[in-house]
Amino acid sequence: MNRADTFVIVGSLLALALLFTPRLKASRVWRATLTPLASIIGSGFLIIGPILVSHFSRMALIPMIILCLTGYAFGSAVRYNIASIAREEGATTSSPQKLEAVASWSLAIAYAISVTYYLNLFGSFAARIVGTDTGQLGRVITSAVFLAILVAGFLRGFSMLERMERVSVSIKLAVIAGLLLGLSAYLAGMWQSGELPEIRAHWSVWQGLPLVLGLLITVQGFETSRYLGDSYPPAIRIRSMLLAQIIAFAIYLIYVSLLSTGFPMASVPISETAIIDLMARVSELLPILLIIAALSSQFSAALAVTGSSGGLVEELTHGRVVPRNGYVLIVFAGLLLTWLSDVFSIISFASRAFALYYALQSAIAAKRAWNGERLALPRFLRAAFFSALCLSGLLVLTLGVPVDA
């Protein structure tokens, strides 16, 4: 066992001990934070590092900061809408409410695509257990899981499986803590021995920005706080979203900084499971832990989003399409995307779908800000900010491109 292995074990165990402390488990804010946090770091963490380092080398931190700031800005629009809805309770139909219905439809479509994204990553990581060819084998595994979810949705629903979320998120955070600590120890050892590689910086705004825009889904997930109204009041949902974004973005920035410091651009493979190959150089334990974390997180995320999508479709159709029929539509669309596209194309599709949703949420916030009471800032400044966010979402929708693997 090398030094990095020791740090991986220590980091993971310390994180687990912290995450399962009675005080944290009893915290209502933390329980509300787990849902958006699970969505943000669920799948993005597995792919974002290798993608950015393979394209931007030492400068990979710049596009990561751009993605985090973009996610935070869109989150501010969603948080503003949460607070505004609480103030508008009892109001009759209005243009924001009509826009909310359109936004909800766009979210239902985005969720359907994101389920495909989650399960294709699940299939790719599961395929690594039996071999390195994750193409066709990954698609077969993904299709089998899709059908299993459909059967579960028809027979038992998702309530029992959703209880796994808290444990799954805690395990995933513990693995990430071990990874970051182990990677830090690995790089420190290389620096002490003078083996840290010389890495040339690489960043092209015009070539890199469209690719970065196509990766918006890697910081997506904070909007789930918007739909926890049955369980938590607006103040807790707003705090939970903000806390989830801060934690996730701190993890992303540290992770990408470490990865871009120790791995030259040419040595980073471009694939959905590239993180396994990279971390195998750091520790013998990390590939196993990453596969376990990936399988549990992708499966639980897919279950949660599928259940949410079915309920959302039922609500939007006023009960004409029951959740079970919604599951059929989601699974059918997911199987088509799985066999007609690759993972990176699905990531781009999902990013564009969520960009449309965020653009609509920003438009709703701009409308509410313009019609609302004068607060700390003049209302036209708030409305201008949210209008700019709406345009940014439309730019992501039109300009984002998939990673060229």
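**Cysteines, rings and a buried glutamate**

No disulfides turn up here: the count for the structure is 0. The model is a predicted one, and that is worth keeping in mind throughout. Two of the cysteines can still be placed. C68 is tucked away from the surface, with a relative accessible area of 6%. C390 comes out at 16%, and because buried means under 20% relative accessible area, C390 counts as buried too.

Stepping back to the whole protein, the secondary structure is made up of 15 helices and 0 strands. The protein has 405 residues, and 52% of them are buried. As for how the chain meets itself, take the contacts with a separation of 6 or more: 84% of these are between residues 24 or more positions apart.

Aromatic rings come next. The structure has 11 aromatic pairs. One pair brings together F385 and F386, whose ring centres are 5.4 Å apart and whose planes sit at 55°, so this pair is classed as tilted. The two partners have their own surroundings. F385 is partly exposed, at 41% relative accessible area, while F386 is buried, at 4%. The 41% of F385 falls between the two cut-offs, under 20% for buried and over 50% for exposed, which is why "partly exposed" is the label. Elsewhere, six residues join up in one aromatic cluster: F74, Y111, F222, F354, Y357 and Y358.

Several members of that cluster come back in the story of E223. This glutamate sits in the loop that runs between α9 (205–213) and α10 (234–262). Setting aside neighbours within four places in sequence, E223 is in contact with L107, Y111, F354, Y357 and Y358. Of these, Y111, F354, Y357 and Y358 belong to the aromatic cluster.

So what about the charge? E223 is buried but has no salt bridge. The nearest side chain of opposite charge belongs to R79, and R79 is 10 Å away. A salt bridge needs the side-chain nitrogen of Lys or Arg within 4 Å of a carboxyl oxygen of Asp or Glu, so at 10 Å R79 does not make one with E223.

E223 does have polar partners, though. The side chain of E223 makes a polar contact of 2.8 Å with the side chain of Q220. The E223 side chain also reaches the backbone nitrogen of G221, at 3.1 Å. Put together, this buried glutamate has no salt bridge, but has a polar contact with Q220 and touches aromatic residues including Y357 and Y358.

Methods
Residues are numbered from 1 along each chain as its sequence is written. This is a predicted model: local features need pLDDT of at least 70, side-chain atom pairs count only at pLDDT 80 or more; totals for chains, interfaces and linings use all residues. Side-chain values use heavy atoms; hydrogens and water are left out. Helices (H or I, at least four residues) and strands (E, at least two) are DSSP runs, numbered from the N terminus. Buried means under 20% relative accessible area, exposed over 50%, partly exposed in between (1.4 Å probe, protein chains only). Lys and Arg count as positive and Asp and Glu as negative; His and the chain ends are not counted. A polar contact is a pair of N or O atoms within 3.5 Å; within protein, one must be able to donate a hydrogen and the other to accept it, and residues adjacent in sequence count only if both atoms are side-chain atoms. Contact means heavy atoms within 4.5 Å. A disulfide is a pair of cysteine sulfur atoms within 2.5 Å. Rings of Phe, Tyr and Trp (its six-membered ring) pair if their centres lie within 6.5 Å; planes under 30 degrees apart count as stacked, over 60 as edge-to-face and the rest as tilted.
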